[in-house]
Amino acid sequence: MNKKILCMAALILALAAPFVAYPVFLMKLLCFGLFACAFNLLIGYTGLLSFGHAAFLGAGGYVMGYALTTAGLPVPVGILLGVLASSLLGLVMGALAIRRQGIYFSMITLALAQMVYFAALRAPFTHGEDGLQGVPRGSLFGLDLSNDLVLYYVVLAIFVAGFALIVRTVHSPFGQVLKAIKENEPRAISLGYDVDRYKLLAFVLSAALAGLAGATKTLVLSFETLTDVHWTMSGLVILMTLVGGMGTLVGPVVGAFLIVSLENRLGDLGTWLAGVTGVEWFATLGESVGVVTGLVFVACVLLFRRGVVGEIGALVESRRRLRVRRTLPVSRADGSGTPL
Amino acid sequence: MSAALEISNLQAWYGESHVLHGISLSVQPGEVVALLGRNGAGRTTTLRAIMGLTGRRSGSIKINGSEAIGLPTHKIAHLGVGYCPEERGIFASLSTEENLMLPPVLASSKGAAAGMSIAEIYAMFPNLQERRNSQGTRLSGGEQQMLAVARILRTGARLLLLDEISEGLAPVIVQALARMITTLKEKGYTIVMVEQNFRFAAPLADRFYVIEHGQIVETIASADLNARMPVLTELLGV
Amino acid sequence: MEIFGVPLQALMSQLLLGLVNGSFYAMLSLGLAVIFGLLNVINFSHGALYMVGAFLAYIGVTQFGLNYWMMLVLAPLAVGLLGIVIERSMLRWLYKLDHLYGLLLTFGLTLLLEGVFRSFYGVSGQTLDVPDALAGATDLGFMILPNYRGWVVGASLSVCLATWFVIEKTRLGAYLRAGTENPKLVEAFGVNVPMMVMLTYGFGVALAGLAGVLAAPVINVTPLMGSNLIIVVFAVVVIGGMGSILGSIVTGLGLGVIEGLTRVFYPEGSEVVVFVVMVIVLMLRPAGLFGKEK
């Protein structure tokens, strides 16, 4: 019951948001939120740490951008092609990476994503270091997307659709098997599940949604750069999920919001800190995104592994247990009676 | 002379799981005691708790008079304890002789002889000498068990904790192990053994403790063994 | 003289460069393997610590007037010390958890270290002069050998083989090998395993720091030099597996040579050839060439 109210509240906030904040900034938040949710499908629910998810973000973005600029295709086709490209890439990368377990899996995804980076660097259509510029907003089913407000609601719809797909997947029988694989893979195998098939499917789905996020982001920002395929972006999405809460549905979104906002405001935060503490070096914080990201990473891994939503969830759970314990009958003095 | 091993109200946990609920026992130097009980009763856990290999522990464990409850595992070993785990723990990446030479000689027991020399060990276990350059895990089950015990004899440990050494071995080997325990007892070693095989432990131990649900429920001296057999049979389901 | 249309000198020169790179791959993957064996942690910050080693050499020579030979000893020591601090204060708390957290922590440390150095040195490179004793070149007849490069390959190989010897043939190495299999039992024998873990991590990263000092005169010293390298080293490790010391060395050198040869015949491919080899190995022999999969 509580959940439904929270959902409603979130939706209302989302609908009203562009009237109080920059629509482009909000759209960036939504794109990264979807990206993080897609990533979380693998780590939070299947237990696979992909260290190369930037490849899918970038693939979706670059293909979409190319489709709209050079090929002059309409927006929905462009998005579809972006998703297709990232899904195919996910199929290939996943098939290779799944051949190894645990830490090797992560290293393989990193190495393969690095290949994608070099491909993007060298491929003529991406324009390398300059990036793919001038992606037109175009129109969608007659709606003029060059209007930020209109585009916002379209992006919100895409986000909600993607998020809903993830929620459905997690709660479906397929999702249950994924969770089983995460908790105890040998057990799942002994129960007769073709684990590799499930892992690959989850990988492709995750890649597809990440590609969707990338394609949408390119539409919003009208350009695509190598930043989106660089390994630091892969690290960033891990951080977003960690900060927000791995294995929770809403966590990655919260984490994405926090990290993107932090990056945006880092310069101002630095100047404020410099003023308050008198330490000049803080003023350079705006350029030292890496230092701050690294610090947050280290702090989270050591002290804050459950992330924001995870911690809130744990707090709610312990309160609930306390309440339940108080309402159950106390066991009788002679030792018999139902234990608590 | 202080007890070789004095345990008072030992409680132990594996994470959240409370596995030992207050073990108390006392072993004098030169004694051999056996911990009996059904699977999962807490016998292996007791040995591990002595070595500090479980989670949280509380209570008191005195080894030759020194309190060991708060010590890290490697310091406990230095008090003169040798631990032979159930899975034997022979290292695959080491040869037989490397396995044997691995544990450092402990500058432990006051006055007692330092660890057995390599020559003495090979005298006691000639088949290990034959196989000294073989990879540790290529030895037969019985040979590996001998190696596991020989290893801790080298350290100079006078208190030996042996976990299920007769398990899964051919009767002829088990007899050899029994002879080994007798020899060690004659040499003055103190031994605490966890044994599933009652027939193996019966002629060797001076005292038997039966453990159930992490507590000692029965203590039987060797002399009273025949008289208390019915109790034992019921507890062990033998 | 020409081979496949390439002048011999050019071929030999690229091969040598390949061996130089291969030496770094070998040293870094060796350190990674040793750390992973005992700690079960993939040390992402290996690349960053290699960078720190290079920068320490640069700073020591240019700002403190120390010479290259002193830095060859001091820089790895300093990096090793830094490693010990990292292990003691941070890594130690993660051993009980899923070993992915170790990877994430060291990843965060990488960002931190690179960010700090970037804020002081920007992204442009610094160069360190080749020490006088190693300057110049030697004419070997079939090729001209730049002395410094020969030194790098020789020194790296010696260090790698010395490490192999210590691990496989000495008592200390036996503790390490046993500790990799069953650390709790080794501790039950009275060996101070926590200290061994700490020193192993320090040693592993000191190797990376040493590689950094060796690299400083030949490679552009930038804050990002480590991360580009570490990703390739990961591929090397996937190809070779982490179970065998000799395997890591051979794989590292071999891939360096392959990379060098690719640069001769197909320069654009040299960036990704190691990854391509990884893909091939994954398809044909998933467990890796020398792997004893954990």
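**View 1. Glu164(B), a buried loop residue with a positive phi.** In this predicted model, Glu164(B) is buried, with a relative accessible area of 4%. You'll find Glu164(B) in the loop between β7 (159-163) and α7 (171-186) of chain B. Its phi is near 50°, a positive value in a residue other than glycine. That catches the eye because most residues other than glycine have a negative phi.

**View 2. His127(A), a partly exposed loop residue with a positive phi.** Over in chain A, His127(A) sits in the loop between α5 (102-122) and β1 (139-140). Its phi is positive, about 60°, although His127(A) is not a glycine. Is the residue buried or exposed? His127(A) falls in between: it counts as partly exposed, with a relative accessible area of 47%.

**View 3. Strand β3(B), covered from end to end.** Take strand β3 (residues 32-36) of chain B: five of its five residues are buried. Val32(B), Ala34(B) and Leu36(B) point one way from the strand, while Val33(B) and Leu35(B) point the other way. That zigzag is what you'd look for in a regular strand, because there the side chains alternate between the two faces of the sheet. On β3(B), the residues pointing either way are all buried.

**View 4. The strands that pair with β3(B).** What does β3(B) pair with? One partner is strand β8 (residues 190-194) of chain B, which runs parallel to β3(B) and is joined to it by four bridges. Look for Ala34(B), whose bridge partner in β8(B) is Met193(B), and for Leu35(B), which stands opposite Val194(B). Another partner is strand β9 (residues 207-212) of chain B, again in the parallel sense and over four bridges. Here Val33(B) has Arg207(B) as its bridge partner.

**View 5. The six-stranded sheet of chain B.** Zoom out a little and β3(B) turns out to belong to an open sheet of six strands, in the order β6-β7-β8-β3-β9-β10, with mixed pairing. Strands β6 (81-84) and β10 of chain B stand at the edges, and each has a single partner strand, so one side of each is left without a neighbour in the sheet. On average, neighbouring strands of this sheet are turned by 15° against each other, direction ignored. Two helices are worth picking out here. α1(B) lies across β3, β6, β7, β8 and β9 of chain B, at about 145° to β7(B). Helix α9 (residues 225-236) of chain B lies across β3, β9 and β10 of chain B, at about 155° to β10(B).

**View 6. The β9-β10 hairpin of chain B.** Strand β9(B) pairs with strand β10 (residues 215-221) of chain B in the antiparallel sense, over six bridges. One of the matched pairs is Val210(B) in β9(B) with Glu218(B) in β10(B). The two strands form a hairpin with two residues between them, and His213(B) in the turn has a positive phi of about 50°.

**View 7. A four-stranded open sheet in chain B.** This sheet has the order β2-β1-β4-β5, and its pairing is antiparallel. Strands β2 (17-27) and β5 (66-67) of chain B stand at the edges, each with a single partner strand, so one side of each has no neighbour in the sheet. Helix α1 (residues 43-51) of chain B packs on this sheet too, touching β1, β2 and β4 of chain B, and its direction makes about 105° with that of β1(B). Within the sheet, six bridges join β1 (residues 5-14) to β4 (residues 57-63) of chain B. Among the paired residues are Glu6(B) and its bridge partner in β4(B), Lys62(B).

**View 8. A nonpolar surface patch on chain A.** Leu73(A), Val77(A), Leu81(A), Leu84(A), Leu88(A), Leu91(A) and Val92(A) form this patch, with about 570 Å² of accessible area together. Val77(A) lies in helix α4 (residues 75-97) of chain A and is partly exposed, with a relative accessible area of 35%.

**View 9. Gly61(A), a buried glycine in a helix.** Gly61(A) belongs to helix α3 (residues 54-69) of chain A, and its relative accessible area is 0%. What does Gly61(A) touch, leaving aside its neighbours within four places in sequence? The contacts are Gly214(A), Ala215(A), Thr218(A) and Glu224(A).

Notes
Residues are numbered from 1 along each chain as its sequence is written. Chains are lettered from A and ligands numbered from 1 in the order in which they are written. This is a predicted model: local features need pLDDT of at least 70, side-chain atom pairs count only at pLDDT 80 or more; totals for chains, interfaces and linings use all residues. Side-chain values use heavy atoms; hydrogens and water are left out. Two strands pair if DSSP finds at least two bridges between them. Contact means heavy atoms within 4.5 Å. Axes are lines fitted to C-alpha atoms, for helices over the stretch in contact, and angles run from 0 to 180 degrees between N-to-C directions. Patches are made of residues with over 30% relative accessible area and no salt bridge: like charges are joined within 9 Å, nonpolar side chains (Val, Leu, Ile, Met, Phe, Trp, Tyr) within 5 Å. Accessible areas come from the Shrake-Rupley method with a 1.4 Å probe; for residues, only the protein chains shown count as cover. A salt bridge is a side-chain nitrogen of Lys or Arg within 4 Å of a carboxyl oxygen of Asp or Glu. Buried means under 20% relative accessible area, exposed over 50%, partly exposed in between (1.4 Å probe, protein chains only).
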